[in-house]
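Student: Got a minute to go through this model with me? I'd like to start with how helix lengths get judged.

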There are 2 protein chains.
Amino acid sequence: MGLRERKKLATRRALREAAVRLTLEHGLEKVTVEAISAAADVSPRTFFNYFATKEDALLDDVTSVPDEAVREAFAAGGPTGVFVEDLSALLVASLLGSGDLETRRADMAQRKLLMAREPHLLPGLLGRFHSMELSLASAIAERSGAPDDDPRSQLAAAAAMSAVRQSMKMVPDQSEAGIDELKDRLAESFRTLGEVFAPETDA
Amino acid sequence: MGLRERKKLATRRALREAAVRLTLEHGLEKVTVEAISAAADVSPRTFFNYFATKEDALLDDVTSVPDEAVREAFAAGGPTGVFVEDLSALLVASLLGSGDLETRRADMAQRKLLMAREPHLLPGLLGRFHSMELSLASAIAERSGAPDDDPRSQLAAAAAMSAVRQSMKMVPDQSEAGIDELKDRLAESFRTLGEVFAPETDA
DNA sequence: ATAATTGTTGCATCTCGTGCAAATTTTCTC
DNA sequence: GAGAAAATTTGCACGAGATGCAACAATTAT
């Protein structure tokens, strides 16, 4: 990777982190783009070269596309062949994608703080989740051999993202085994969905 | 209802309808608050007495709280006692709540147009759905005797709202039997959820 | 080293959104 | 009904968000 690209990434990260830090400290409405830019050592105009809005900077690190490699495997029917199993593997890999575990967990905790302090950001976050939902639906359809816009797959994807949201709410921030814990919660959520919407269909 | 309240409702409606019409005609970014206010015959300042943002005006008629009476019955375990049955009754009653059928269907079709033309509005719409989801979770918890913040109820509510979104996508705008059609789609969606997440648990 | 490409910055400008006080309209009381 | 009281609308000033454009600076390519 060239110097240019590395610098751009660094600037983007600096802007995002400054935005988050200042917002957690003083509240979003008290934090101006000017202040964020100053903290990241760029001009205010440059801020808008990176982000369309102030909110965009705060939510920039929210994953909204599944992990490419894992998606591939999932679409092909793997890795285990058991739907809910492979689904949670895909979700966990995508949500806690890059970076080391410690960093990812810190990001997740920080996002909870952000949402608690600035509820106005929630719609934006839900919008990101919706993007993920779209890709997910497509992956599920591909795996089951259905057309790309298959309604069942779309619904399954939406419910899966609901399970993700719920699981994220439930796993405590300072949990030791972040990933395994999240995977367990997901499995539990899937089971709950089955129980609630298919109550005892035994013969 | 006094003259004062009636006038306020009329103004609010006029502003919303002007905002929607102008946006569908010219696109949201080309429509200023000044233009909307002029079309509704009030001053620009008055617009902001009714809505905090331009987007708020466009989404003002999106239901974000369940119908009070039906919620009551649902929480008490009625009307039929069958969970998915009563749930879809609550949802349909809440989403197509007040006003005559024709109007409601027109609103729904118009909202689809809005979302198609202005995808930026989607997060806002999802935010409204999320509010509905919260109330719904509370109602489900109440019905099942669980504490108000019961995770299972929250998950069920989220999945139910996913089913609602999916069903709305599927029912055609010019359908004759709007309500019944929607109810059928909901039932089908619930069944799908059961099938996907509880695959053949027979002994 | 020099040219070409890409990113940054300052400036002008438009619009959003809010606080405040004056003017207007509706409602209440006698 | 007339006038006081309450609520709503409006104009004005102002800070900040967001964008287009052209000059400037830094990186990359030749």
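Tutor: Sure. For a helix, the expected span is 1.5 Å times one less than its number of residues. Keep in mind that this is a predicted model.

Student: OK, so how far does helix H8 of chain B reach from its first C-alpha to its last?

Tutor: H8(B), residues 122-143, reaches 31 Å with its 22 residues, close to the 32 Å expected. H8(A) also has 22 residues and reaches 31 Å, again close to the expected 32 Å.

Student: And which residue takes a positive phi just after H8(B)?

Tutor: Gly145(B), with a phi of about 70°. In chain A, Gly145(A) has a positive phi of about 70° just after H8(A).

Student: At what angle do H8(A) and H8(B) pack?

Tutor: At about 105°, and their axes are 8 Å apart. Angles from 65 to 115 degrees count as roughly perpendicular, so H8(A) and H8(B) are roughly perpendicular to each other.

Student: Which residues make that contact?

Tutor: From H8(A) you have Leu122(A), Pro123(A), Gly124(A), Leu126(A), Gly127(A) and His130(A). H8(B) brings Leu122(B), Pro123(B), Gly124(B), Leu126(B), Gly127(B) and His130(B). By class, the contact of H8(A) with H8(B) holds six nonpolar residues, six polar and no charged.

Student: Zooming out, how many residues does the contact take from chain A and from chain B?

Tutor: 30 residues from chain A and 31 residues from chain B. On the chain A side, the elements giving two or more residues are H8, H9 (151-170) and H10 (178-197). H9(A) has the largest share there, with twelve residues.

Student: What's the class split on that side of chain A?

Tutor: The side of chain A that touches chain B has 17 nonpolar residues, nine polar and four charged.

Student: What turn lays chain A on chain B?

Tutor: A turn of 180° with a shift of 0.0 Å along the axis, and the RMSD is 0.1 Å. That's the relation of a two-fold axis. Also, 97% of the interface residues of chain A are interface residues in chain B too, so the copies meet through the same surface.

Student: Let's look inside one chain. How many helices and strands does chain A have?

Tutor: Ten helices and zero strands. The C-alpha trace of chain A spans about 65 × 35 × 30 Å along its principal axes.

Student: And how do H5(A) and H6(A) pack, parallel or antiparallel?

Tutor: H5(A), residues 68-75, and H6(A), residues 83-95, pack at an angle of about 170°, with their axes 9 Å apart. That makes H5(A) roughly antiparallel to H6(A).

Student: Which residues of H5(A) and H6(A) meet?

Tutor: Val70(A), Arg71(A) and Phe74(A) of H5(A) meet Asp86(A), Ala89(A), Leu90(A), Ala93(A) and Ser94(A) of H6(A). The contact of H5(A) with H6(A) has five nonpolar residues, one polar and two charged.

Student: Switching to the DNA: which residues are closest to strand C?

Tutor: Of the 19 residues that surround DNA strand C, the closest are Ser43(A), Thr46(A), Gly2(B), Leu3(B) and Thr53(B). The elements giving two or more residues to that surface are H1 (3-26) and H3 (44-50) of chain A, together with H1 (3-26), H2 (33-39) and H3 (44-50) of chain B. Near DNA strand C, the surface has five nonpolar, seven polar and seven charged residues.

Student: And what surrounds DNA strand D?

Tutor: 19 residues, and the closest are Gly2(A), Thr53(A), Val42(B), Ser43(B) and Thr46(B). For strand D, the elements giving two or more residues are H1, H2 (33-39) and H3 of chain A together with H1 and H3 of chain B. The surface near DNA strand D has five nonpolar residues, seven polar and seven charged.

Note on methods
Residues numbered from 1 in each chain as written. Chains lettered and ligands numbered in written order. Predicted model: local features only at pLDDT ≥ 70, side-chain atom pairs only at ≥ 80, totals over all residues. Near = placed C-beta within 6 Å. Helix = DSSP H or I, 4+ residues; strand = E, 2+ residues; numbered from the N terminus. Nonpolar A, V, L, I, M, F, W, Y, C, P; charged D, E, K, R; others polar. Axes fitted to C-alpha atoms, helices over the stretch in contact; angles between N-to-C directions. Parallel < 35°, antiparallel > 145°, perpendicular 65-115°, else oblique. Contact = placed C-beta atoms within 7 Å. Least-squares fit on C-alpha atoms with pLDDT ≥ 70 in both.
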